[in-house]
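Work through the two exercises below with the structure in view, and compare your reasoning with the solution that follows each task.

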Amino acid sequence: MGARRTARERALQALYQLEMTPGSVHEALEAAWAATEEAHKEPEAVKFARELVDGVMSNQAEIDRLIEQHSHNWRLDRMSRIDRNVLRLGVFELKYRPDIPKKVSLNEAVELGKNFGTEESSAFVNGLLDRVAAALGKQ
């Protein structure tokens, strides 16, 4: 698995933990890494995971507004924690990381939904992120 995919998984786990038990980003990321069987943490993955979690946390109000604005008949608090945090990561990448192509952000979010969410998560995530991307003018 690539460093960025690993980083996205750890970022998702940290965001989930922070939502369940508020604490520090550092502690949440450390717990996410500790929960894996990986003996070696790639520095690039650790750095990217930190950037993602910090970015989502710093911009959460705007990210959540975009999610709610483009989700049809779904309030943020009614979404599963996994879907909500996968969407937050995806919207953060779409809005604040121009170095990451839209297609990559969408594909990675869909994979996170498949791996960590329900059967419906990947389609839900894909549809909502596609609407957000279009609203943001992402090609």
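**Exercise 1: the cavity**

The largest cavity has a volume of about 40 Å³, a volume being the space filled by probe spheres set on grid points that are joined across faces, edges and corners. The model is predicted, so local features need pLDDT of at least 70 and side-chain atom pairs count only at pLDDT 80 or more, while totals for chains, interfaces and linings use all residues. Residues are numbered from 1 along each chain as its sequence is written, and side-chain values use heavy atoms, leaving out hydrogens and water.

Task: find which residues line the largest cavity, and which helix gives the most to the lining.

Solution. On a 1 Å grid over the protein atoms alone, a cavity is a set of points where a 1.4 Å probe fits but cannot get out, and lining residues have an atom within 4 Å of a point. The lining consists of R8, L89, G90, E93, S105, E108, A109 and L112. Helix 6 gives the most, with four residues.

**Exercise 2: two helices**

Task: decide how helix 1 and helix 2 are oriented to each other.

Solution. Helix 1 (residues 3–20) and helix 2 (residues 25–34), which are DSSP runs (H or I, at least four residues) numbered from the N terminus, pack at an angle of about 125° with their axes 8 Å apart. Axes are lines fitted to C-alpha atoms over the stretch in contact, and angles run from 0 to 180 degrees between N-to-C directions. The two helices are therefore oblique to each other, since angles under 35 degrees count as roughly parallel, over 145 as roughly antiparallel, 65 to 115 as roughly perpendicular and the rest as oblique.

Technical notes. On a 1 Å grid over the protein atoms alone, a cavity is a set of points where a 1.4 Å probe fits but cannot get out, and a pocket is an open set with protein on both sides within 12 Å along at least five of seven lines; lining residues have an atom within 4 Å of a point.
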